[in-house]
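Colleague: I'd like a close look at one part of this model, the salt bridges. Could you walk me through them and say how they sit in the protein?

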Amino acid sequence: MNDKLTQAEVNNAAWAACDTFRGAVDPAQYKDYILVMLFLKYITDNWNDHFETYRKQYGDDDVRIRRRMERERFYLPEGASFYDLYEQRNEPNIGELINIALEDIEDKNRSKLEGVFRNIDFNSESNLGRTKDRNRRLKNLLEDFNKPALDLRPSRVKEDIIGETYIYLISRFASDAGKKAGEFYTPAAVSGLLAKLAAPKEGNTICDPACGSGSLLIKAAEAVGSDNFALYGQEVNGATWALARMNMFLHAKDAARIEWCDTLNSPALIEGDHLQKFDVVVANPPFSLDKWGADGADTDQYNRYWRGIPPKSKGDYAFITHMIEIAKRQSGRVAVIVPHGVLFRGGAEGKIRQQLIEENLLDAVVGLPANLFTTTGIPVAILVFDRSREEGGANADRKDVLFIDASKEFTPGKAQNVMDEDTHIKRVLDTYSARAEVDKYSHLATTDEIAENGYNLNIPRYVDTFEPEEEIDVAAVQRDIVRIENELADVRAKMSGYLKELGIDA
């Protein structure tokens, strides 16, 4: 047997393990159990692989082996490994035993894993069914993860394969479960585009204040091109926050600081009495969030809403405002995915939008195709804000806004459309990098032009994609009509002759 596992083999085996729950448990719920089991299997196989290495190195010197094992990334307590649970898979209280093992692992790794498993209950009747059904499902799950294709020892699987399998599962859950499970996942192509538009550099601090499962942060980290960066995130949903933490560990981003909090009402990334500032801020926040906290916005202790308070029923500009306020003055960059209404809605949103444009913060508006997301079929846009355009910043002289209409740049799919990295994504990035005017694709608009449009950012106002219809040759059409009429007269004459032969009066 080939000792090395491929990405496809691990992906397929992990997805097959989901058959244990499929049809009986909502995908939005069972995703947590699958992903936690993958994480447990990963740290167990790492632990065992390293133990075997030290045993070969130190022989029977258990003291030295124990000291080395105590310095592992994750300490695995006795009796809490995946294989300990596998041996107990037929026990009538297997759900409780899994809970105890996870609690023990969390306790022994408190600095890294505190709270990560608190929202996952393997003994939940409401999620996993009554005792008999629950025990059967958990036994099957343990057996599925014990298969050779999920032997995740470092000697068999590269670390990036495990991380990519984690993201693969999240994407499959999102596409299978629709809106509920899609809320925490941004399609890979869109995440990659957003990250590259934000252009993080070596030494940058990168924050996603609505980080979901953390995949966008991972993409932003990859865009740096080195390991010299620091990642920060905030997530309001406890279960999704746990997924983000595990995602960071599986991608060897152990130093990432991911906070469980309500970003708009009680942000946790603070320094003293003010919000922590970052070089790069990226996000795909929930679209038009209702009841986001407008009632307390006028007394916000961080004074984020000085440009105006967004409507109670639409939190888009609350997230945008927060992101701009946490970007470093005169240098910070912000890239955010928004619904198209953000570009043109009036009222309080219109005033905030006008203020941001007059401050010379808006750098680009990129329109994306419809049906890219599992959560919505509507087209969306990316807004890029650049605080280096402020007075004293490196780009203070830049006074235009680049509009890109990439709405037709996609490959159609059965469930979702896809933007291809080598064509559609590359075209957006090349156009943005060059700030190029491309016929029917992009336009550099002056602030005066935007003001003349009432600070409406609707892309068709700036990028004319109208394709004129081909001119009609009227004379040729007339000749065709005459020809067809003559042919029709001949057919009618022949038909009349046939009817007479048959003795039928026409």
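Modeller: Searching the whole structure, which is a predicted model, turns up 35 salt bridges. Let's take a few of them one by one.

Start with Arg-66 and Glu-70, whose side chains meet in a salt bridge at 3.9 Å, N to O. The cut-off is 4 Å, and this pair comes in at 3.9 Å. Arg-66 is partly exposed, at 45% relative accessible area, and Glu-70 is partly exposed too, at 46%.

Next up are Arg-89 and Glu-143, with 3.2 Å from N to O. This pair ties together distant parts of the chain, 54 residues apart: Arg-89 sits in the loop between α4 (82-87) and α5 (94-108), while Glu-143 belongs to helix α8 (residues 131-145). Arg-89 counts as buried because its relative accessibility is 19%, and buried means under 20%. Glu-143, at 29%, counts as partly exposed.

Then there's Asp-151 with Arg-153, where the closest N and O atoms are 2.8 Å apart. Here the acid is the buried partner, as Asp-151 has a relative accessible area of 14%, whereas Arg-153 is partly exposed at 25%. Some salt bridges also share partners: Asp-363, Arg-389, Arg-398, Asp-400 and Arg-435 are joined that way into one network.

Now for the domains. The protein is divided into domain 1 (7-177), domain 2 (188-461) and domain 3 (472-505). The contact between domain 1 and domain 2 takes 25 residues from domain 1 and 19 residues from domain 2. Between them, these two domains bury about 1900 Å², with 66% of it on carbon and sulfur atoms, and their centres, taken over C-alpha atoms, are 34 Å apart. Two salt bridges are found across that interface. As for individual pairs, Arg-73 and Asp-254 have side chains that meet in a salt bridge at 2.6 Å, N to O.

One more charged residue to click on is Glu-325, in helix α14 (residues 316-326). Glu-325 is buried, with a relative accessible area of 7%. Leaving out residues up to four places away in sequence, Glu-325 touches Lys-277, Arg-304, Trp-306, Arg-307 and Arg-387.

For a nonpolar counterpoint, look at the surface patch formed by Ile-472, Val-474, Val-477 and Ile-481, which together have about 380 Å² of accessible area. Val-474 lies in helix α19 (residues 474-501) and counts as exposed, at 62% relative accessibility.

Key
Residues numbered from 1 in each chain as written. Predicted model: local features only at pLDDT ≥ 70, side-chain atom pairs only at ≥ 80, totals over all residues. Heavy atoms only, no water. Patch = residues over 30% accessible without salt bridge, like charges linked within 9 Å, V, L, I, M, F, W, Y side chains within 5 Å. Areas by Shrake-Rupley, 256 points an atom, 1.4 Å probe, with all protein chains shown as cover. Helix = DSSP H or I, 4+ residues; strand = E, 2+ residues; numbered from the N terminus. Buried < 20%, exposed > 50% of the residue type's maximum accessible area, 1.4 Å probe, protein only. Domains from an automatic or database assignment. Contact = heavy atoms within 4.5 Å. Buried area = accessible area lost by both parts, 1.4 Å probe.
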